[in-house]
Amino acid sequence: DASTRIRLCSTSDVDWDSAIRVEEGDLTLAVFNVNGVFYVTDDLCTHGPGSLSEGYLDGHTIECDFHNGAFDVRTGEVVTPPCMIPIKTYKVVIEDEHVTIEV
Ligand code: FES
């Protein structure tokens, strides 16, 4: 099995219904806490320079604060244009109260 786990942050680092940005190696990620469930996506909006961790989280929808496009943090699918390209998502594993991803 070639997958590697990368530890991103403590679960307590991310407030309920909010997001933080985490830089890890060459990845810049957004870590979301939606009602105590964690999701990880690329932080950079696929539409432009927006940082999704600074966007507006409403349920599972993250709205980019640049042009108000939005994605579903569970799947990365576009919810609202002008975004057209899905955002990359990562498989999250909670380990020792830390948010980790499998890459
Ligand atoms: Fe995110 Fe345009 S940069 S919607």
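The paragraphs below go from the overall architecture of this predicted model to the pairing around one of its strands.

The protein contains zero helices and 10 strands, and the order of elements along the sequence is β-β-β-β-β-β-β-β-β-β. Its radius of gyration is 13 Å, close to the 13 Å expected from the globule rule for 103 residues, so the protein is as compact as a globular protein of that length. Measured out along the principal axes, a phrase used here only for the computed C-alpha trace, the spans are about 35 × 30 × 20 Å. Of the 103 residues, 32% are buried, and among the contacts with a separation of 6 or more, 37% are between residues 24 or more positions apart.

A useful place to look in detail is strand β4, which covers residues 37-42 and pairs with strand β3, residues 27-34, in the antiparallel sense over six bridges. Within this pairing, asparagine 33 has phenylalanine 38 of β4 as its bridge partner. The hairpin formed by β3 and β4 has two residues between the strands, and in that hairpin asparagine 35 adopts a positive phi near 50°.

Strand β4 is also joined to strand β9, residues 89-95, by two bridges, and β4 and β9 run antiparallel. Here threonine 41 stands opposite threonine 89, which belongs to β9. Taken together, β4 pairs with β3 over six bridges and with β9 through two bridges.

Conventions
Residues are numbered from 1 along each chain as its sequence is written. This is a predicted model: local features need pLDDT of at least 70, side-chain atom pairs count only at pLDDT 80 or more; totals for chains, interfaces and linings use all residues. Two strands pair if DSSP finds at least two bridges between them. Helices (H or I, at least four residues) and strands (E, at least two) are DSSP runs, numbered from the N terminus. The radius of gyration is taken over C-alpha atoms; the globule rule is 2.2 Å times the number of residues to the power 0.38. A residue is buried if 20 or more other C-beta atoms lie within 10 Å of its own, exposed if 12 or fewer, and partly exposed in between; C-beta atoms are placed from the backbone. Two residues are in contact if their C-beta atoms, placed from the backbone, lie within 7 Å.
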